[in-house]
Each structure stands twice: as C-alpha cells, then as structure tokens.
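Trainee: I've got a model open and I'd like to learn how to read it feature by feature. Can we go through it together?

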Amino acid sequence: MRSITLSQAVNEAIAEEMRRDETVFLIGEDVAEAGTPFKVTSGLVEEFGTGRVIDTPIAEPGFTGLAVGAAMTGARPIVDLMFGDFLFLVMDQLCNQAAKAHYMSGGKLNVPMVLRTNLGATRRSAAQHSQSLHALVAHIPGLKVAMPSSAYEAKGLMKTAIRDNNPVVIFEDKLMYQDKAPVPEEEFLIPFGEANILLEGRDVTLIGTSSMRQVCEAAAEMLARDGISAEVIDPRTIVPLDEATILESVKKTSRAIVVDEGHQNFGTTAEIAARISEKAFYHLDAPVIRMGAMDVPVPFSPALEDLTVPTPEKVAETAHRIVAGELIHAL
Amino acid sequence: MTAEPKQNAENYLRMYRQMVKIRTFEDNANQLYLDAKMPGLTHMYSGEEAVAVGICEALEVTDKITSTHRGHGHCVAKGAAFKEMFCELLGKEEGYCRGKGGSMHIADQLNGNLGANAIVGGSMGIATGSALRAKMLGQSDVTVCFFGDGATAQGLMYEVMNMAALWKLPVIYACENNGYSEYTRTDEIAAGEITARADAFGIESFRVDGQDVLAVNALTRDLVGRCRKGDGPFFVELETYRYHGHHVGDISRTYYRSKEEEADWKANRDPITLFADWLVNEGVATKAELEALSEAIRAEAAEAVAYALEAPYPDGSEVSMHVYLEAS
Amino acid sequence: MPFEVKMPQLGMNQDSAVIVSWLKAAGEKVAAGEAIFEVETDKATVEVEAAADGFLAGIRAPEGADVPVGDVIAMIVDREAEVGEHESAATAPDGPAEAPPTPPAPVPSPAPEPNEAEVAAPPKTVPPAIAAGRILASALAKRVASEQGIDLAALRASGVSEPIHARDLAQAPAGGHSVLSTRVEGGALAALLERSEGANRTALFAAFATSAWRAAVEDAAVSIAIRGLDGSITPYPADAGADAALSLIDLCDTRLGSFAPAGGTPALAAAREGDAFLLTLSFNEGRLPFPTAAALLDAIAARVEDPIRQLL
C-alpha cells in the first residue's frame, strides 16, 4: 500500500468529499492559495475555485459563525482554524450556537459542520500556539470530537466527519503533518466511536490519543524487552468514546494508563480513567494512571517544553511501577 | 405614510392583523408570566410590531431570518402559529421546539425562522452564513438578521459585516434601536452613529421610522429585491420603542427612563394605532372592522393559551433526545 | 468475660438491620437459644436467639434503630450483679471509673459438651486485622480473595507485602478458613436409617443442615451443594440453583475423617467415628461469623443426635 503524509491524507479527504457533495466547502484563514501555514489545503482552490475554498479575514468567531449559519441552511462547511489555541475565540459560535441548535430547536435545526484544527506541543511555539484543547470541546454535549493518530485515521475520520450531521471538531497533531503512513487508494471511512487495538497485550493497557498513540506504541516496545506485555488502544474519537473496547481490554490486563496531550487536570485522561475506575473497578489490580501534559502554560524554551509532555520513557517507567505492584498514592 | 391603499387592501389588512397578533400574543405571554404559569425568562416585543411585520411582509417563506431574545414578534411575523408558540413558552411537548427552547429559542425552520438567540449578537454569524450559503449554492433567498442596538457593541458584528461586504452577501442587518441596551440608554453604550458602523464597511445603510409599518415595508421590499440581484448587504436602523422593561420582571425602571416618556410613545407613536388611523382615513377598513379583527385574534389567542395550559409536558425520555442527529 | 451480642448479618447483601423489638429487658435472665430480640431485614422479620447463658445488659440500640451488621448492641453477663455496670457503661459516655472485675471464662458457643468442640488452629498466628489497620489490596485482589475465601489479613500476616495484588493470592495458605467440629452420638440416627427402607443418609444430613441453617443463620430457603466422592455436585433441594449457601460432604462410607475445602462457601463434612458421627464445619469468618457458625453446627449436631425432632 502507498504511504502518504497526514497532510496529504487530510487534503485527499476534503477533495474527495468536495467532489462528491457540492454543498461541502472550506472556509478559513489562508486556505486557498496559501494552502494554510501547514500546506494541508494546497491545490484545493485550483480544483474547486474561490467560491468553495474561501479565504477569510483574520476573524475566527466571524467565519465560524458563518459556517454555523451555512450548515443550518443546507451547506456542509469545513472550518479551518489555524491553531487549536484559537478555539477560545470561537467558543460562543461553537459551543453556544453550533452545539445547541439541534437540541434547542427540538430537532428542527441541525449543524453539519466540521471544524478542523490542531493540537500538540514541542514545536517551540510557546503558550498560545501549543495547546491541546480537545477536552474543552469534548465537555460540551452536541459536539463530536475526533483525534486522528496517523495519516490513515486522518483521512478516514475526516470523511466521516464531513458526512456527519452534527458539528464535529477534528484535532490534528501539528507535528505529524509530514509523518507518512499507509493509506489505501480506494475510498474508506472510519466510523466514529470505534477504538483501534494496535497491539494486543496481557499486563497493562495503554490508551493513547492522537500522537500519544505513537508514544504508547514506543513504550510498549520498551516494555516488551523487559517481558511486560502491553496492549495499546487508540480511541480515535473521544466523543463518542468506545468505552466497550477500553473496558474489555482493562478487564483483561487489570491495569491501565491513559496518555493524552491535553492538560492532565480535568482532562481527557481524567475522563477515561474515571470511566475505567467506575466500570471496571473490580477488575483493577492497580490504580488507573493519567498521563497528560503538565498543568503549566506551554513554555517556549526547548529545555522546559520537552518536560511538559508524556514520552515513551515516562509511560514505560510508569507501566513498570504499576505492573511491579508498587504502592502508588501519587505519581 | 404613502402607498396605494385600495389596490393593496388585502396586504394592508394582513399587516395590521400580524401586528395585532404580536401585541395580543405578548399581552397573553405577559399575563402567563405574571400569573406564574410560565417558567423562565421572557422579553416583550410590544411597541416594536411595525419592525417585524414591515420586514417579514417583504419576505417570502423561503427567505430566512435570525431572531433575538426579544423574538416573539419576529416569530409571529414570519408565520408561526399561536398554539405551538404558547406550547413552547410553557415548555410543552407540542411546542415548536418540543419544549426544549422556550421563549428565547423558538425556531420555526419551515417558515424560515432560524431561531431566536439568547446570546446578544449571537445570531449575526448565523444570518451571514445563511447568506453565504445562498450565494454559494446559487439560491435566491435573502436573510434578515434582527438584532438590537445593544448588539452593536459585540465584536462579531464587525467581523461578519466585513465578510458580508467583501463577498456581497444577500443579508440585511436590521438593527431594532429601541433606545435601551438592557437597563442602559443607548447613547451611553454606543459611540457615534449606529449606521456609521455599516458605512465603515461600505455597506449601504438606512435609518427608518420603526413605528411606520408601511415605511419599513417599502424600504425592505426595495432592499430584498436588490439583495436578490446581488447588491447586498444592507444595514437598516429602525427607530422604535419597547413598551415593557428589558424583561417581564423589569418593573421599576424609572432609574433609566421616565414614565412620561413611555406614556408619550404609547399615546403618540404606537405602531398599531397609527396604522389603524391610516387604514380608516384611507378607507381601507372601518374602525368597527378593525375592532372585529382584533376581537377575533384575542379569541384565537385565548383558545391557544387554554390549549397550551392543558397540553402535556414532554415525556422524560425526551431529555436525551436531539443532542445529536444520527440519521442522515 | 461478658458476651457481646452483635447485630447478625441475615442476608447476603445486607449492611444493616432494624431492631423491631427487644424480647428481653436489661437485667433479665436469658438462656442460650432463647430469643432475645427481633430484627427486620429487607426480607423478613426474624427472632435472634441468645448465643450464651447469662443476664442481658447494656442494651445500646433502642427499638427502631437501624444498626450496621456486626455492631455490638448488648451484652450478656454472667452474674446479675454485673448488669448495672453495663447499663451505666452504655449510657455514660465516660464509662465506669473502675475496671470491671475479671470475668470468668467465656462461653463461646451453646454446644452442650464444649470440650468436644474444637477450633482448628490457623496455619500462622494471625494478628487481629483491626489492630493493624486497613489492608491495602487492589480491587481485583479483594474481589478474587472474597470469591476464593482467602483471608487477606492472614495473607498479610504470612509475610506478603502490601499492597496485595491479584498475583499475591497464589501465596495464600490453603484454606484460609476456620474449622469447627463436634462428635455426636449416632445411635438414634443409625436406628432410624435401619428402620426406614430406602432412607438416604446424605439427604437426611442435607435436610438437617437446611433446617439448622434456617434456625441459626437465616430464616429462608437455603440451597446445599452435595459433593460426591466422584467429584459430582448435586443440588439440594433438587431444583436449587448453582449458588449454594453450604456444601455437604458425606464421608461416612469411607475411612476418611474430615474435609475442609478451600473457598469461601461454608462446608459441612460428616464422617463415622465408631458409633458416633464426626461433624466438621469449615467456614470463612468474613462471610459466616464465628457465633453464627457455632450456632449452625450446634443445631445440626442436635438434629443428628435426635433425628425424630427433625422429622416431627
């Protein structure tokens, strides 16, 4: 199978869906000729024109609001939010308008829009361009949240998102845009709410979202050398969350570490860990461990920034401790 | 007021009826609230009827509007029925939103009402996006964005007017200037002229007497026609007045406006009285005919209120319905 | 030493029970086996019998009180003179100024011949769990230990370090339970079996156990798993479900003396010893408290000794 970059995968998904459905359009800052700073949308304007690949002023709430109205009246907009950090700017449009329209109208209105943005630190961009804010939107009923972990997921989840009848927020890891993965040439979709078991194991379940999947896979390799068998699961979407796959795995391994790049406090790791603790409690042989980003604004200096995110080494070390049965009251 | 009365008698009487319907709806809603039969929070449109009716009578069913927290008038003017509206106000199953939206969120998409919005200025993006969709998909409908003078302080308005002007979108920004931003006089919260905001983007703007339904209607007809030809967007400031407080419970309001001022508007600038006088003077209808029309509407409202009071609440199982739309 | 009267656990998932009424007043003489109070559980109202002879004293829980299972609700003292002490101890928060006089030896169970009842020594000296505080064990370890009747306190005492995990349970001493046994005159039962053609001894033991269970543990239908020497398990009564409250092993046709299987379910073994029967009850104290177990075995023994009483 051919390998393409995550960036190409997203581009292909958007192009295929725009060809399939003329109500699909792309809107955001510098999405047309510039193809975004990450060059994800390059070439789309040549095929679809400026009428459907729309460059906007720097006005995130404004163009997000436009997308809500367009979606409510029959179009399927894809909003390009250049950095995940700008979510704070668009919260009213996303959370008060898009997320609630279907419910508040008793099912009369719906908002089939996609907001694609990114997450991920260690790009030396400091605190306002490095956040992973998916937990923030996952908290709001009415929104779906997808977190592709490779080019393959990026394409399959994007196509599903565009066809979904609800507002979907997709978080791509901005450090993975150039990472290649095998992606089939033929059309495929990845359904929401179906986790992917990347590695089967016996001793501990590592649940990793987005690029933390690769962190977990690397940790699992290190653990295997020490005779510890780790199961690695990528939830792929956190709303809806494939709880059944995660619980089944934890019931088998009796230990779990949840790894995610959002802040640890009140975060995605906390939510998944809580569900495991509630629903698989009597199968747990060790505390469920959360490993999120440190609860500090992301620092600029590489010497500091690298300390803030989970690494394979940290995950493997933590897995060692819980498999060994250390008394863990705090990590 | 200027027009050709006899030829358009039917249209005029419909406008009159719509204005009376709004006033009657609000009188009943106000009473339901004061009688503690209506839960929540509600904002009366009384006094502003000529704005909603003058504008919506210039629109087709396929044209869209976005509405505000003070939205009952827009909803009625765009064609909604009393029964479903009262049911919604009371949180009943048969309400427009199955009781999930209430007074501040009534949506009636079949008549092109994309919903009231309880975030001041929150619907400006939606209205502009609706217009973007129309232009992109080659559809001829026009969207009217209702908002108040208070919403002109929100940043979103400037972002979306900028884009609407850049892309010549078929949207009309209808600023209902009722003189008060919640409990504060508009001149204390808005620097400069309201219309100057649109002028800055090169959007053609108008100021019109919002108590004169024919003036509002004539202007809107013209602007809707121009929007359909691709000349949008437009901005209209409608000078009007709200008879009640910011919300129903806002009773003691002399600290921000005088009782004399309220009495003066009601006595001399009431949109329904003014239009009734005109209809009688022009020989379109007699006083008795107009009174009979009002009486019929009052009876219709009373029946709808009685129906809504008896109507069932939604089943508890509905609480988790409509969070997501799953079928395509 | 005074005997503590505790709120018994009368159902599987029962945390507490309501005292409906006290049938004896403080200071009244009570005999072991005599009903002293009534409690209401989610299933039924039952009379609870005294487990010792003496005088009721120090009633701590009034009628109507919802009392957690295992809480001490009264005392049975040996001499009438001690009653007053316990009354005052129960009502005065500071307790008596003087130490109580050294009481005589305890009456652990109503067994008629206490010298014949013996408690098997646990494999190691187990310190009281309460003194050493909470046992740190994973949720999985706790669940599996409970299912297998493993005593985590004993496991800790045997040197397994905390927190205890599921894999540590493999180190649990076999059994992990307590054993009570008694020797019962067998003449009456032998005569009865001889007289009645086709009478099944094992089924009779099961019937005795059922009736004793209702009297001593819970006044409700109980099912028994009869373990055969061929490895079979036969429910008693025949239509009973899989989760038996008690297992029964009849060794009377063998040379074997007793059997105390691992697991949390109480087990009754019956064996021949000359003309007598040796009855052995193994149980996990976490699930079947010692006083209840003692009352149960005693009630079974009484029925074996005098089967006519059972059949009537």
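Mentor: Sure, let's begin with a sheet in chain C: an open one of 4 strands, antiparallel, in the order β1-β8-β6-β3. Strands here are DSSP runs of E with at least two residues, helices are runs of H or I with at least four, and both are numbered from the N terminus. Two strands pair if DSSP finds at least two bridges between them. In chain C, β1 (3-6) and β3 (29-30) stand at the edges with a single partner strand each, so one side of each has no neighbour in the sheet.

Mentor: Before we go on, this is a predicted model: local features need pLDDT of at least 70, side-chain atom pairs count only at pLDDT 80 or more, and totals for chains, interfaces and linings use all residues. Residues are numbered from 1 along each chain as its sequence is written, while chains are lettered from A and ligands numbered from 1 in the order in which they are written.

Trainee: What holds paired strands together, and over how many bridges do β6 and β8 of chain C pair?

Mentor: Strands of a sheet pair through backbone hydrogen bonds, either parallel or antiparallel. Strands β6 (residues 54-57) and β8 (residues 72-77) of chain C are antiparallel, with 3 bridges. To find your place, look for C:Phe55, which stands opposite C:Val77 in β8(C).

Trainee: And how do I read the two faces of a strand?

Mentor: In a regular strand the side chains alternate between the two faces of the sheet. Take β3 of chain B (residues 171-177), where 7 of 7 residues are buried. Buried means 20 or more other C-beta atoms within 10 Å of the residue's own; exposed means 12 or fewer, partly exposed is in between, and C-beta atoms are placed from the backbone. One face of β3(B) has B:Val171, B:Tyr173, B:Cys175 and B:Asn177, the other has B:Ile172, B:Ala174 and B:Glu176, and both are covered.

Trainee: Which strands does β3(B) pair with?

Mentor: Strand β2 (residues 143-148) of chain B runs parallel to β3(B), joined by 6 bridges. B:Phe147 has B:Cys175 as its bridge partner in β3(B). Between β2(B) and β3(B) the chain passes through helix α6 (residues 155-167) of chain B, a right-handed β-α-β crossover (with the strands pointing away from the viewer, the path from the first strand over the helix to the second runs clockwise). Strand β7 (residues 234-239) of chain B is also parallel to β3(B), again with 6 bridges, and B:Glu176 is partnered by B:Leu238 there.

Trainee: How do I check a helix, say α5 of chain B?

Mentor: Compare spans: the expected one is 1.5 Å times one less than the number of residues. For the 13 residues of α5(B) (residues 124-136) that gives 18 Å, and the end C-alpha atoms are 18 Å apart, which agrees. As for burial, 13 of the 13 residues in α5(B) are buried. Just after α5(B), B:Gly138 has a positive phi of about 70 degrees.

Trainee: Which chains touch?

Mentor: Two residues are in contact if their C-beta atoms, placed from the backbone, lie within 7 Å. Of the 2 pairs of chains that touch, A and B have the most contacts. Between chains A and C, 9 residues of A contact 10 residues of C. Chains B and C do not touch, and their nearest C-alpha atoms are 30 Å apart.

Trainee: Is A:Asp179 buried or partly exposed?

Mentor: Partly exposed, because A:Asp179 has 17 C-beta neighbours inside 10 Å. A:Asp179 lies in the loop between β7 (168-173) and β8 (180-182) of chain A.
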